[in-house]
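This briefing goes through one protein model, from its overall build to single residues. Please keep the sequence and the 3D view open while reading.

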Amino acid sequence: ALVAVSGTMCVSEQKQKKLSAPFVGRRGGMGDGAEVYLDDINKPRQEYYFKPPAFVQRFLERSLHDVRDMEIAYLYWNIITTMYPALIAIWTVLPASNLIGAAYLVGFNVLYMQRFILAMHYSTHKRLFKKEAFFGLADYVNRFNIVLVAPVFGIPCNTYWLHHVVMHHVDNNEWNKDLSATEAYQRDNFLHWMVYWVRFMAGSWVELPYYAFKRRRWDLFAGCAVGMGGSMGLYLYLRTINPIAAFWTMAAPFIAVSTALMFGNWSQHAFVKPEDPRCNFGLAYTVLNHPDNQRSFNDGWHTLHHVNSQIHWSEFPNKFVERLAEHGEKDALVFDGIGFFDVGFALFTRNHGFLADRYVNVGQKKRSRDEVIQLLKDRLAPLRGSTAKKTTKTA
């Protein structure tokens, strides 16, 4: 179909749509492939399924620190009004059943896991509610995501802040400092990921509290130790009451979310610039024009999130356009039409060409397809010791 533009010329609807989306580059290392427009910028949000009643919406509008976080609040409302009743039912009125437990785990993880992890992520970096909200108790309420909701998804109580904000963003993927650091592994080797995954699943119970203890962060040490101890103690106690329910509502979610978190973080930090591993433009990358960006609070702009973790999630598309030249100058990796999990699966199957075909030149040095593939392979190689400490943390 054709539509009129300025009353004199006609362009296709597809062309008109492109006119409203910023041009960011071209596919291919030589910058001579298909044009890439930032279509994400026009897509509707898909983080929540339904809105709360009007009176709850009005309360949230008054209480939120930033009304742009309404999608996060709506998602939490969705979880509280659907997942919590199901959880309570499993423990009170429903028969002990592996079928019911499996349906609960699979159903709610498909609906909410990805969305919740990113909602928790951004509402941990930036406060969700105003300080004066909840009769001045907002500092406590703002922790409900990591204290009360996270355990329902298998994340031990009160541990996420320490692991992600304090450890991951401060030590920035550095081996032997950041528990979830990827740089010491061959990141296109599935067996290396298995070691990484098992280390996190088992090691986090010791390494996280020890991290806080070693740095004399006594408040974080106490909070983490109590949270982890309480989570494990509650599981062991509930297991004596209903082992089937305990497995499907506590043990299985821990395995599932640990797998998702470690596969996600591995994928996001698979490529590390060997000559500058602490540079945020070289230890993360950006994925554009993928539905995950609408479901995950624009998680695809992971480079910018590491550059400045206080950028609001809604600002990432525009910030990316503003800093496009910097991505080119610092030889950052940008991919079009794929998400982080697509990248991870491509690496496990050694399909580097798949990634090279979706590489976007936004001003980086021109490279042939083979040179792009070699660039990716170079950034997948293990870095340890002095090799991984060549530079200090840079933008």
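**Overall build**

In the protein, 69% of the contacts with a separation of 6 or more are between residues 24 or more positions apart. The model is predicted. The protein has 19 helices and 7 strands. Its radius of gyration is 22 Å, close to the 21 Å that the globule rule gives for 395 residues, so the protein is as compact as a globular protein of that length.

- The C-alpha trace of the protein spans about 70 × 60 × 45 Å along its principal axes.
- Of the 395 residues in the protein, 54% are buried.
- The accessible surface of the protein is about 17,700 Å², and carbon and sulfur atoms account for 61% of that surface.
- The protein carries 43 positive and 34 negative charges, and the mean positions of these two sets are 4 Å apart.

**Helix α8 and the residue after it**

- Helix α8 covers residues 160-171. Of its 12 residues, 10 are buried, so the helix is largely enclosed by the rest of the structure.
- The buried residues of α8 include four histidines, H163, H164, H168 and H169. Also buried in α8 are Y160, L162, V165, V166, M167 and D171.
- Which elements cover the buried residues of α8? The cover includes α4 (98-125), α7 (144-149), α9 (190-214), α10 (218-241), α11 (243-268) and α14 (302-307).
- N172 comes just after α8 and lies in the loop between α8 and α9.
- N172 is not a glycine, yet its phi is positive, at about 55°.
- N172 has a relative accessibility of 0% and counts as buried, because the cut-off for buried is under 20%.

**Strands β5 and β6**

- Strand β5 (residues 285-288) and strand β6 run parallel and are joined by 4 bridges.
- Within this pair, T286 stands opposite V334 of β6.
- Both faces of β5 are covered. Y285 and V287 lie on one side, T286 and L288 lie on the other, and all are buried.
- In β6 (residues 333-336), L333 and F335 point one way, while V334 and D336 point the other way. All of these β6 residues are buried, including the aspartate D336.

**The open sheet β4-β3-β7**

- An open sheet of 3 strands is arranged in the order β4-β3-β7, and its pairing is antiparallel.
- Which strands are at the edges of this sheet? The edge strands are β4 (35-37) and β7, and each pairs on one side only.
- Strand β3 (residues 23-27) pairs with β4 through 3 bridges in the antiparallel sense.
- In the β3 and β4 pairing, F23 stands opposite Y37 of β4.

**V360 in strand β7**

- V360 belongs to strand β7, which covers residues 360-361.
- Is V360 buried or exposed? V360 is buried, and its relative accessible area is 0%.
- Apart from neighbours within four places in sequence, V360 is in contact with G25, R26, R27, V36, V334, F335 and D336.
- Among these contacts of V360, V334, F335 and D336 are buried residues of β6.
- V360 and D292 are 68 residues apart in sequence, and their C-alpha atoms are 18 Å apart in space.

**R367 after strand β7**

- R367 is located in the loop between β7 and α19 (369-378).
- R367 has a relative accessibility of 9% and counts as buried, because this value falls under the 20% cut-off.
- Apart from neighbours within four places in sequence, the contacts of R367 are G29, M30, D331, Y359, V372 and L375.

**F134 in helix α5**

- F134 is located in helix α5, which covers residues 133-136.
- F134 is not a glycine, but its phi is positive, at about 55°.
- How accessible is F134? Its relative accessibility is 26%, and F134 counts as partly exposed because this value lies between the 20% and 50% cut-offs.
- N172, which also has a positive phi of about 55°, is by contrast buried.

Methods: Residues are numbered from 1 along each chain as its sequence is written. This is a predicted model: local features need pLDDT of at least 70, side-chain atom pairs count only at pLDDT 80 or more; totals for chains, interfaces and linings use all residues. Side-chain values use heavy atoms; hydrogens and water are left out. Helices (H or I, at least four residues) and strands (E, at least two) are DSSP runs, numbered from the N terminus. The radius of gyration is taken over C-alpha atoms; the globule rule is 2.2 Å times the number of residues to the power 0.38. Buried means under 20% relative accessible area, exposed over 50%, partly exposed in between (1.4 Å probe, protein chains only). Contact means heavy atoms within 4.5 Å. Accessible areas come from the Shrake-Rupley method with a 1.4 Å probe; for residues, only the protein chains shown count as cover. Lys and Arg count as positive and Asp and Glu as negative; His and the chain ends are not counted. The place of a charge is taken as NZ of Lys, CZ of Arg, CG of Asp or CD of Glu. Two strands pair if DSSP finds at least two bridges between them.
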